[in-house]
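Please look over the structure below. The report that follows covers sheets, helix contacts, the ligand shell and some backbone details.

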Amino acid sequence: METDVLVVGGGPAGVACALAAAEEGSAVTLVERHGFLGGNLTAALVGTLGGLFVKGQEGFDYAVGGIPRRCAETLQGRGQAYGPVPWEETAVFPYVPWGLKSLFDEWMEKAGVRLMLHSCMTGAGREGGRVEEVTVWRKGGEVRLRAKAFVDASGDADLALAAGVPLEGSPVQFPAMNFYMANVNVAEALTAGLSTLKSLIHEAIEKGDYDLPRDGGAVIPTMRPGEVIVAMGRISLDGRPVDCANPEELAYAELEGRRQARLLADFLKAKMPGFAEAYLLDAPAQVGVRATRRLAGRYILTREDVLGAASFPDAVCRSAWPVELHAEGKGTVLEFPPPGEYYQIPYRCLLPQEVGNMLVAGRCLSANFEGQASARVSATCMAMGEAAGTAAAMAVKAGKEAADIDVKALQERLRERGALI
Ligand SMILES: Cc1cc2nc3c(=O)[nH]c(=O)nc-3n(C[C@H](O)[C@H](O)[C@H](O)COP(=O)(O)OP(=O)(O)OC[C@H]3O[C@@H](n4cnc5c(N)ncnc54)[C@H](O)[C@@H]3O)c2cc1C
């Protein structure tokens with residue numbers, strides 16, 4: 001099978017990438033191991049789109065344009081998202097996972113993306129500085145797919161690993177399993193608020209009533225009557241974060257995540273106003289994975305870049321999200337760029353060393369541990385995806401490698417698409 005642009009992974013980065021590349025005129029194939037799109041946002045019920053906003057003079061301004069903004073506005077227009085909801089020094093945007101899943105299906109269909117679902121990329125064939133093909137397993141057996149440009153949006157850098165390009169992967173962040181609760185008296189829960197939840201959690205940890213995994217978290221109303229997403233888990237093994245790139249540890253994380261869901265639902269029912277009659281509706285399709293392998297590409301984004309609001313001549317998108325560390329003990333540490341400011345992500349963070357016709361987008365970008373802890377947020381991943389897809393399509397059109405395209409022309413095209421750089 002042949003295509004112009006082949007994208008591995010249908011999370012926020014991969015969907016934005018496939019959409020942009022198709023809109024720019026490429027024949028695009030998207031390979032996704034699940035039977036639906038959205039990655040962590042749907043498969044792991046993350047619950048809010050983060051990274052959309054930056055604090056402005058009055059209220060919040062969009063920090064990203066293009067596809068992530070289109071996504072937020074479409075969902076909001078359909079009554080399937082709301083916000084900005086102030087959170088710490090920024091704002092988040094809660095959404096209905098079903099709404100996002102449907103929207104991504106519609107986008108792929110309308111743009112003519114060839115969607116291969118229930119298809120897992122298992123290997124790559126490389127010749128010198130080019131990836132020539134990937135191997136994909138699906139029902140019926142293995143297929144080999146050839147393309148002019150490849151994008152790794154697998155979150156775990158699976159394609160980069162298979163292509164043998166330099167990677168980093170340590171340390172990792174704690175994964176977590178969010179879950180749905182139903183029959184909640186949402187008005188009562190909201191009146192009590194996150195401050196009540198926080199003191200109840202602290203009290204329970206101090207008294208030792210409940211062995212809660214994290215000293216914070218949130219319950220996020222989905223806007224559907226009586227329904228919330230609970231985000232209070234944290235999955236460790238001997239006190240350290242579970243490594244979800246390790247298959248044994250990943251299986252443990254799924255079981256431990258569901259055990260925590262039962263514990264947290266019991267805690268909320270017993271303690272939190274509005275939850276007395278609530279029940280655990282369901283756990284998600286998979287545990288939420290924040291970080292595994294990262295590309296060691298042509299530039300490595302760092303904590304100093306985030307906190308110093310760094311700018312780059314080859315910037316392709318921006319982010320105002322803090323360095324968000326779920327890395328030690330039960331607490332979460334947030335370190336923000338200066339108020340109202342944002343940093344840029346350079347094109348080089350999407351480019352592997354050694355290989356010219358491959359890009360990476362999303363949470364496996366080229367960043368160190370702290371840089372990734374900011375850039376992995378979903379709106380930033382979509383913005384990276386849009387940049388990678390636009391770049392891949394430009395490369396195909398020009399008969400060049402993605403690594404050799406004119407970055408000024410890419411920036412111009414991204415701005416025309418409505419992206420903020
Ligand atoms: C518990 C938790 C809470 C979070 N909270 C928020 C939040 O509130 N707001 C926010 O914006 N972000 C949040 N995040 C972060 C955000 O969800 C992720 O960083 C983001 O989804 C990353 O997008 P991605 O497309 O790079 O990767 P992913 O979302 O991981 O998507 C990768 C996709 O690739 C597919 N895939 C992987 N390997 C293969 C393969 N070999 N073959 C085929 N397909 C493959 C996967 O199935 C998946 O669909 C949270 C994350 C977690 C884990």
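Three strands make an open sheet in the order E3-E7-E6, with antiparallel pairing. In this predicted model, its edge strands are E3 and E6 (85-87), each of which pairs on one side only. E6 joins E7 (residues 90-94) through three bridges in the antiparallel sense. Within this pair, tryptophan 87 stands opposite threonine 90 in E7. E3 (48-49) also has a part elsewhere: it supplies at least two residues of the shell around the ligand.

A second open sheet has four strands. Their order is E14-E15-E13-E18, and the pairing is antiparallel. E14 (218-221) and E18 (279-282) stand at the edges with a single partner strand each, so one side of each is left without a neighbour in the sheet. On average, neighbouring strands of this sheet are turned by 40 degrees against each other, direction ignored. E14 and E15 (residues 228-231) are paired over four bridges in the antiparallel sense. Proline 221 stands opposite valine 228 in E15. A helix also meets this pair. H6 (residues 186-207) lies across E14 and E15, and runs at about 150 degrees to E14.

E9 (120-127) and E10 (residues 130-138) form another antiparallel pair, with seven bridges. The two strands make a hairpin with two residues between them. Glutamate 127 stands opposite arginine 130 in E10. What sign does phi of glycine 128 in the turn have? Phi of glycine 128 is positive, about 60 degrees.

The antiparallel strand pairs compare as follows.

| Strand pair | Bridges | Residues opposite each other |
|---|---|---|
| E6 and E7 | three bridges | tryptophan 87 and threonine 90 |
| E14 and E15 | four bridges | proline 221 and valine 228 |
| E9 and E10 | seven bridges | glutamate 127 and arginine 130 |

Now the helices. H10 (residues 378-398) has a contact with H11 (residues 407-416): the axes come within 10 Å and cross at roughly 125 degrees. H10 and H11 are therefore oblique to each other. Their crossing is right-handed. On the H10 side, the contact uses Ala387, Thr390, Ala391 and Met394. On the H11 side, it uses Ala409, Leu410, Arg413 and Leu414. By class, the residues of this contact are six nonpolar, one polar and one charged.

H10 also meets H3 (residues 66-77). Here the axes come within 7 Å and cross at roughly 130 degrees. That crossing makes H3 oblique to H10. From H3, the contact takes in Gly66, Ile67, Pro68 and Cys71. From H10, it takes in Ala379, Met382, Ala383 and Glu386. The contact of H3 with H10 has six nonpolar residues, one polar and one charged.

Next comes the ligand. Which residues, of the 41 around the ligand, come nearest? They are Gly9, Gly11, Gly39, Gly288 and Gly362. Several elements each supply at least two residues of the shell: H1 (12-23), H2 (40-43), E3, E9 and H10. H1 gives the largest share, three residues. By class, the shell has 17 nonpolar, 17 polar and seven charged residues.

Some of these elements were met above. E9 is a shell element and also the hairpin partner of E10. H10 contributes to the shell, and its axis crosses those of H11 and H3.

Backbone details remain. The peptide bond from glycine 83 to proline 84 is cis, with omega near 5 degrees. Proline 84 sits in the loop between H3 and E6. Another cis peptide bond joins serine 170 to proline 171, where omega is about -10 degrees. Proline 171 belongs to the loop between E12 (167-168) and E13 (179-182). Aspartate 238 has a positive phi, near 50 degrees, although it is a residue other than glycine. Where does aspartate 238 lie? Aspartate 238 is in the loop between E16 (236-237) and E17 (240-241).

Note on methods: Residues are numbered from 1 along each chain as its sequence is written. This is a predicted model: local features need pLDDT of at least 70, side-chain atom pairs count only at pLDDT 80 or more; totals for chains, interfaces and linings use all residues. Axes are lines fitted to C-alpha atoms, for helices over the stretch in contact, and angles run from 0 to 180 degrees between N-to-C directions. Angles under 35 degrees count as roughly parallel, over 145 as roughly antiparallel, 65 to 115 as roughly perpendicular and the rest as oblique. A crossing is left-handed if the near helix is turned anticlockwise from the far one by less than a right angle, and right-handed if clockwise. Two residues are in contact if their C-beta atoms, placed from the backbone, lie within 7 Å. Ala, Val, Leu, Ile, Met, Phe, Trp, Tyr, Cys and Pro count as nonpolar, Asp, Glu, Lys and Arg as charged, and the others, Gly among them, as polar. A residue is near a molecule or strand if its C-beta atom, placed from the backbone, lies within 6 Å of it. Two strands pair if DSSP finds at least two bridges between them.
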